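The following exercises concern the reading of a protein model. Each task is followed by a solution in steps.

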Amino acid sequence: MTIDIHRDDLGIPHLRAADARELAHAQGLNAARDRAWQIEVEHRRLRGTSAALLGADAAAWDVLARRARLAHTARLCWLALDDATRDWLAAYTEGVNAALPEAAREAPEFAATGAAPARWQPWVPLGIWLSAHLLFTGMPAKLWRAEAAHRVGDATAGLFASGGIGTAGSNGWLLTGGHTASGAPLLAGDPHRYVEDPGGYQQIRLACPEFDVVGFAVPGVPGIPHFGHTGSVAWGITHAMADYQDLYRERLRRTADGGVEALGPDGWRPAEHGTETVEVAGGAPVAVEVVETERGPVVVGGPDDPEAISLRHVPRVTRDLGFAALPRLLRARTVADVDRACDAWVEPVNVLMAADSEGGTLHRVTGRVPVRHHANRLRPVPAWEARYAWRPGAYEPLPRARVTGLAVMANEAGLAAPLGVEFTPGHQHRRITALLTGATGLTASDMAAVHADTLAGDTAAVLGPLAALDGLAADAALLRKRLLAWDGRMDAGSADAAAYAAVRAACARLLAGRPEFAALRTLARDGLTGGDPADGRPGAAYPEALWPWLDLRPRVAFALRNLLAPGAVPGLDPAALVRAAVEEVAAAGGEERTWGERHRLAPWRALPGVPSDAETAGLSGDHDCVLATASVPGVTDLSARGPVARYVWDLAGRDGGSWIVPFGAHGTAGHPHHRDQAPLWREGRLAPVVTDWARLAHEESMTPRTPGRAVFTRAVPGFGTVTLTPVDPAGDLELIHAWVAEERARFWGMTGAGREGVLEIYEFLDSLDTHHAYVVRRDGTPVALFQTYDPAADEVGAHYDAREGDIGVHLLIAPPPGPLRRGFTTGLMPVLIAFVFADPAVRRLVAEPDLRNDKAIERALRTGLVLGPLIDLPHKRARLAFLSREAAERAAG
C-alpha cells in the first residue's frame with residue numbers, strides 16, 4: 001500500500017491512496033500525526049480514564065462516561081456493523097496505531113503528563129462520536145425542566161425555554177442557481193459548538209480512484225460526516241434540536257445476594273451492576289457503581305437513593321450508531337446518493353441540506369427519534385409505568401422540505417419542529433433570510449459578509465423598557481441616549497455595544513437574584529427532587545458533569561426576552577429592573593471600553609496553554625448574531641462557544657469555495673500551522689479551497705507498516721512453520737470467540753462470555769504490559785491460542801513463592817476439525833518453549849492447569865514440566881508446574 005500526503009499553504013492535509021481502505025488508513029495516520037494529543041484525550045474521555053492524565057478537574061466527566069457505559073455501547077455498535085464498515089474502521093485505527101507512538105514523542109503534552117498513548121481498537125471512533133454527543137441534546141434540559149417546574153411551577157419554569165444554555169445555534173443556508181452568478185447552487189454555514197484548541201473539526205481532503213472529497217473531519221473519526229464536497233454534490237448540517245434521549249425515574253433496591261433490582265412495568269427485575277474505579281492524577285481514586293436497568297444505564301443516583309435516573313437512547317437500544325452512512329457519503333455523486341446514505345444516520349438528529357452540480361437540492365431531517373409518550377420529551381418519567389415505554393422499533397417520520405430559491409436552517413422551530421421541545425429564538429434564521437432574500441448574482445465570496453454579520457437579534461428585551469424611562473440622573477440619562485442611538489451591531493470596536501452588553505449583563509444578574517428564583521439558585525447542588533423528608537433521606541446528587549446545565553445564571557441570560565416581557569414574572573416591573581441596571585452601569589463609570597476589549601475567545605484545552613492572538617484580540621458578534629461568538633450575559637463576556645468552522649461549497653467548482661477554522665490544521669503548539677488561520681477566522685474571512693494537485697506541496701509517499709506481523713517464527717522439519725502473532729482483539733475476535741465458547745474450553749472460563757465479553761477481555765489483556773496473548777499458526781493456519789503473564793502481576797503470584805524471571809503461560813489448542821493429529825503437541829510445544837525463553841530475562845516457565853483438566857496436566861508432564869503444589873484460585877483449584885531455563889536447554893539438546 002502506498003499513501004501520498006500533500007498539503008496546501010495552510011498545512012491542510014490532502015491524502016491520496018489506491019483504494020478506500022488504504023485511504024482510511026491514511027486518514028487515521030494523519031489524525032495521529034496532526035492531532036496526537038487531542039485524539040489521545042478523546043480516547044481517554046470515552047473510556048472514562050482522562051482524569052488519570054488530567055487530574056481532578058476531569059474526574060466528573062469520567063464518572064459520567066463510566067455510568068453511561070459509553071465504551072460498552074461503542075463496542076456493541078461496532079459488533080453490529082456490517083463487515084465492510086467494520087473493515088473500514090479497522091483500517092483507520094490501524095493508521096492511528098501506526099503513527100501515534102512517534103507522534104506522541106513530538107507532542108509536548110505527552111512529556112508533560114508522562115502519558116503513553118493508548119492502543120486504539122476499531123470501535124474507538126464510535127466511542128468518540130458517542131462521547132461528543134452525549135450532552136448534545138435535551139437530556140440535561142429535562143432535568144432542569146422537571147426541577148424548575150417542581151420548585152417554581154410550570155408557568156414560571158416555561159419562561160426559561162430558550163433553546164438551551166448555548167443558544168449560539170449553527171447556521172446553514174442553500175442558494176439555488178437562480179440566486180448565483182454561476183447558475184450553480186451555493187451551500188454555506190458554520191457549526192457552533194464549544195471552541196476547543198486544537199479545533200473540533202479538521203479540514204481535509206480524501207482522494208482515491210473511487211472518490212475525491214474535501215470537507216471537515218472529526219479528529220478520531222474516519223470520513224467526512226457533517227460538511228463535505230465531492231465535486232458533484234455537497235452537504236452540510238445543523239443540529240435539529242430534536243428530542244431523542246429519554247430519562248426514566250428508577251426505583252432500585254439491593255438484594256440479599258448482593259444484586260440490584262429495578263422496578264419496571266412488570267415488577268422488580270434484575271439490573272446489571274458492578275463497580276469501576278476512576279484513577280485521578282494527584283488525587284484519590286473514585287469508586288463508581290455502574291448500574292443498568294432494562295431502560296438503560298443509571299446516570300443519576302443509585303440503589304441507596306430513594307430514586308435514580310436512567311438514560312435511554314437509540315444507539316444503546318438498537319446497537320446502531322449510524323456509522324454505515326459515513327463511507328456511503330464519501331461515494332455520493334448526487335443529492336439522491338446523499339439522501340440514501342443518510343437514511344442510515346442515527347445520532348445526532350440533524351437538519352441536512354445538500355445540492356449537486358445538476359441543480360438538485362435536498363432539505364431533510366436525518367436520524368432516529370423514537371415513538372413514545374409525549375411526556376417523555378418533557379421530563380424524567382416513571383420507569384414502572386408501561387405507558388412511558390418506547391414503541392419497539394418505531395421511529396417518528398422525518399420531515400422534508402422542497403427548496404425554492406433559498407433555504408435557511410439555524411436551529412429554529414422550523415423543519416424539525418414536530419420532533420423537539422425547545423428551539424432557538426430564530427434570530428439567526430431571520431437575519432440570514434433578510435440578507436439573502438431577493439438577492440441575485442451572488443458568488444461564494446459574497447457569503448463571508450453573511451457569516452460575519454453582527455446585528456444583534458434581540459435587543460428589544462432591554463432597549464424596549466429603556467425607551468420609556470425618564471427622570472434618570474445625568475450619567476444614566478447619557479447612557480440611555482447612547483444606547484437608543486446605537487446601531488445594534490456587536491462590533492469589536494464599538495463602545496456602545498460594550499455599554500449595551502454591560503446593561504444586559506446587569507439585567508441578567510438582577511433577575512437571577514430575585515426572590516422568585518431563589519429555589520433555582522442551588523438546584524445543581526441540591527440534588528434530585530424526590531428525597532423523603534420523613535426519614536431524612538435527600539434525593540440523589542446530580543453528577544457534577546451536569547451542573548453547568550442546571551445553573552440558573554445561563555438560563556436567565558438566554559431567557560431575557562421572556563423574563564422581561566410585561567406580566568411574565570408576577571410582581572416584576574421590567575422598566576424598573578432595566579432602570580436599576582442602567583443606573584448600576586452608569587454609576588460604575590470607569591474607562592470607556594469597547595466590546596472587543598470585553599469579548600475575547602476562551603477555548604477549552606485539556607491542559608493549560610499560552611493564549612494565542614485569537615484569545616487576546618477582541619471579537620465581534622455575540623450569541624444572538626449570525627456571527628455567533630457567544631457570551632453568557634451576567635456570567636462572562638468571554639466567548640467559549642461559537643463558529644468552530646465556516647464553509648462555502650460552490651457547486652460550479654470546488655476551487656470556488658472557501659473554509660476556515662478558529663486555529664489551524666495542526667494540533668501541536670509552536671507548529672507553523674497550529675494557529676495560522678486564527679487571524680482570518682477572527683476577521684470573518686475564509687481561505688480558498690484548493691484542489692489542484694499541482695498547487696499542493698507533496699510532503700511524503702509512504703508504505704505504512706502492516707499490522708499483525710509475526711513476533712516469532714520457527715520452521716520445524718516434518719511439522720511445518722510455526723508463527724506467533726499478537727492477538728488483535730477485534731480482528732481475531734471471531735476466531736477466539738469460536739474457540740473459547742466451546743464446552744471443551746470450559747477451563748478458560750469464557751463459555752458464556754459472548755462476543756462482546758470476549759472482546760472486552762482481550763482488549764483488557766492488550767492494554768497490559770504484563771499479560772500478552774498470541775495466535776499460533778502452523779503453515780498459516782491458526783492452531784492455538786498462547787498467553788503469557790507476569791505472575792507477580794497476577795493472582796497466581798500470591799499463591800506461591802514467585803521468583804524474578806518467572807513467566808506464566810496458558811495454552812488452548814484449536815478444536816477439531818483442526819490440525820490435531822498424533823504427535824501435534826510434540827511438534828508444537830518445543831516451539832512455544834523456545835519463544836518463551838527467547839527473552840533472556842525469563843528464567844522459569846510457570847503453568848497452573850485446572851486440577852480437573854487431565855489433558856493439560858498430562859501435556860505438561862510430557863513437555864518436561866515438574867509438578868508443584870496445589871493452589872486454590874477464586875475460579876479453580878490448580879496444580880502448579882515449572883520448567884527452568886536449564887531444563888529446557890537440556891531437553892532442546
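**Exercise 1. Two packed helices**

Task: Determine how helices α27 and α28 are oriented relative to each other in this predicted model.

Solution. The conclusion is that α27 and α28 are roughly perpendicular to each other. The steps that lead to it are as follows.

Step 1. Two packed helices are described by the angle between their axes and the distance between the axes.

Step 2. For helix α27 (residues 824–837) and helix α28 (residues 854–863), the axes come within 11 Å and cross at roughly 70°.

Step 3. Angles of 65 to 115 degrees count as roughly perpendicular, and α27 and α28 are therefore placed in that class.

Step 4. The residues in contact can then be listed: T825, M829 and I833 belong to α27, while R859, R862 and T863 belong to α28. Sorted by class, the residues of this contact are two nonpolar, two polar and two charged.

**Exercise 2. The nine-stranded sheet**

Task: State in which order the strands of the open sheet are arranged, and identify its edge strands.

Solution.

Step 1. The sheet is open and has nine strands with mixed pairing, in the order β18-β17-β9-β8-β7-β6-β2-β1-β26.

Step 2. An edge strand pairs on one side only; here the edge strands are β18 (361–366) and β26 (697–702).

Step 3. On average, neighbouring strands of this sheet are turned by 20° against each other, direction ignored.

Step 4. One pair may be examined in detail. Strand β1 (residues 3–7) and strand β2 (residues 13–17) pair in the antiparallel sense over five bridges, and H6 stands opposite H14 in β2.

Step 5. Helices also pack on this sheet. Helix α1 (residues 20–47) touches β1, β2, β6 (202–208), β7 (211–217) and β26, and its direction makes about 155° with that of β6. Helix α12 (residues 335–342) touches β9 (233–239), β17 (350–356) and β18, and the direction of α12 makes about 5° with that of β18.

**Exercise 3. A hairpin**

Task: Describe how β27 and β28 are connected and paired.

Solution.

Step 1. Strand β27 (residues 712–716) pairs with strand β28 (residues 720–726) in the antiparallel sense, over five bridges.

Step 2. The bridge partner of V716 is G720, in β28.

Step 3. Three residues lie between the two strands of the hairpin, and G718 in the turn has a positive phi of about 80°.

**Exercise 4. Backbone exceptions**

Task: Locate two cis peptide bonds and a residue other than glycine with a positive phi.

Solution.

Step 1. Most residues other than glycine have a negative phi, and most peptide bonds are trans.

Step 2. The bond from D197 to P198 is cis, with omega near 5°; P198 lies in the loop between β5 (192–194) and β6.

Step 3. The bond from E347 to P348 is also cis, with omega near 0°; the loop between α12 and β17 contains P348.

Step 4. R69 has a phi near 60° and is found in the loop between α3 (59–68) and α4 (70–79).

**Exercise 5. The largest cavity**

Task: Characterise the largest cavity and its lining.

Solution.

Step 1. The structure holds four cavities of 30 Å³ or more, and the largest contains about 190 Å³ of space.

Step 2. Of the 15 residues that line the largest cavity, H427, D458, F558, H623 and D624 are the closest to its centre.

Step 3. Two or more lining residues come from each of α13 (427–436), α15 (460–467), α17 (495–512) and α20 (560–563).

Step 4. By class, this lining has seven nonpolar, four polar and four charged residues.

Note on methods
Residues numbered from 1 in each chain as written. Predicted model: local features only at pLDDT ≥ 70, side-chain atom pairs only at ≥ 80, totals over all residues. Heavy atoms only, no water. 1 Å grid on protein atoms, 1.4 Å probe; cavity = no way out; pocket = protein on both sides within 12 Å on 5 of 7 lines; lining within 4 Å. Points joined across faces, edges and corners; volume = space filled by probe spheres on them. Helix = DSSP H or I, 4+ residues; strand = E, 2+ residues; numbered from the N terminus. Nonpolar A, V, L, I, M, F, W, Y, C, P; charged D, E, K, R; others polar. Axes fitted to C-alpha atoms, helices over the stretch in contact; angles between N-to-C directions. Parallel < 35°, antiparallel > 145°, perpendicular 65-115°, else oblique. Contact = heavy atoms within 4.5 Å. Pairing = 2+ DSSP bridges.
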